[in-house]
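Good morning, colleagues. Please have the sequence and the structure in view while I take you through this chain.

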Amino acid sequence: MFTVLNAEAGLSECVRYDVCDPDFGPWMAVWIAGLVLAMLWLAVTFAATVDILTAPIGARRTLLWLVLVWILPLVGAVAWSRRPAGDI
């Protein structure tokens, strides 16, 4: 199964000469999933950071929100987006 996927992914030499590691496919899938999650984390964190930095909430509250968003990115970003409208 994985040799077919490797060949379709452009790794035909690996398949042709039968030098592919049998665990290469699952390892690559885990690595790509981790990369996608890291990119999602960075995108959410950067978007929340820009939004926080442009909000008129004062230096101390800006710093607190930034710390929350960077330490707990998804929780912090959701909390920032769900804050009451009068919070600003």
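Of the 88 residues in the protein chain, 20% count as buried. Please bear in mind throughout that this is a predicted model. The accessible surface of the chain amounts to about 6,500 Å², and carbon and sulfur atoms account for 73% of that area.

Let me turn to the secondary structure. The chain contains five helices and zero strands, and along the sequence the pattern reads α-α-α-α-α. As for contacts between residues at least 6 apart in sequence, 39% of them join residues at least 24 apart.

A word on confidence is in order. The mean pLDDT of the chain is 77, with 67% of the residues reaching 70 or more. Among the elements, helix α1, residues 2–8, has the lowest mean pLDDT, at 50, whereas α4 has the highest, at 91.

Next, the interior. In soluble globular proteins, nonpolar side chains tend to be buried together. Which residues make up the largest nonpolar core here? There are nine: Ala48, Ile52, Ala55, Ile57, Trp65, Leu66, Val69, Ala77 and Trp80. The elements that contribute two or more residues to this core are α3, spanning 24–54, α4, spanning 59–71, and α5, spanning 73–81. The largest share, three residues, is supplied by α4.

Within that core, consider Trp80. Which residues does Trp80 contact, once its neighbours within four places in sequence are set aside? They are Asp51, Ile52, Ala55, Ile57 and Trp65. Of these partners, Ile52, Ala55, Ile57 and Trp65 are themselves listed in the core.

I should now like to consider two threonines. Thr45 lies in helix α3, and so does Thr49. Is Thr45 buried or exposed? Its relative accessibility is 0%, so Thr45 counts as buried. Thr49 has a relative accessibility of 11%; because the cut-off for buried is under 20%, Thr49 also counts as buried. With neighbours within four places in sequence left aside, Thr45 is in contact with Val69, Trp70 and Pro73. On the same basis, Thr49 is in contact with Leu66, Val69 and Trp70. Val69 and Trp70 therefore appear in both sets of contacts, although neither threonine is named in the nonpolar core, which by definition is drawn from Ala, Val, Leu, Ile, Met, Phe, Trp, Tyr and Cys.

Leu42 also belongs to helix α3. With a relative accessible area of 32%, Leu42 is partly exposed. The C-alpha atoms of Leu42 and Trp70 are separated by 9.4 Å, while the two residues are 28 apart along the chain.

In helix α4 we find Leu63, which counts as exposed at 55% relative accessibility. Between the C-alpha atoms of Leu63 and Leu53, ten residues apart along the chain, the separation is 9.0 Å.

Finally, the surface. Which residues form a nonpolar patch there? They are Trp27, Trp31, Ile32, Leu35, Val36 and Met39, which together have about 650 Å² of accessible area. One of them, Met39, is placed in helix α3. Met39 has a relative accessible area of 53%, and since exposed means over 50%, Met39 is classed as exposed.

To close, helix α3 holds the exposed Met39 and also the buried Thr45. Thank you for your attention.

Notes:
Residues numbered from 1 in each chain as written. Predicted model: local features only at pLDDT ≥ 70, side-chain atom pairs only at ≥ 80, totals over all residues. Heavy atoms only, no water. Core = buried A, V, L, I, M, F, W, Y, C linked by side-chain atoms within 4.5 Å. Buried < 20%, exposed > 50% of the residue type's maximum accessible area, 1.4 Å probe, protein only. Helix = DSSP H or I, 4+ residues; strand = E, 2+ residues; numbered from the N terminus. Contact = heavy atoms within 4.5 Å. Areas by Shrake-Rupley, 256 points an atom, 1.4 Å probe, with all protein chains shown as cover. Patch = residues over 30% accessible without salt bridge, like charges linked within 9 Å, V, L, I, M, F, W, Y side chains within 5 Å. Salt bridge = Lys/Arg side-chain N within 4 Å of Asp/Glu carboxyl O. pLDDT = per-residue confidence, 0-100.
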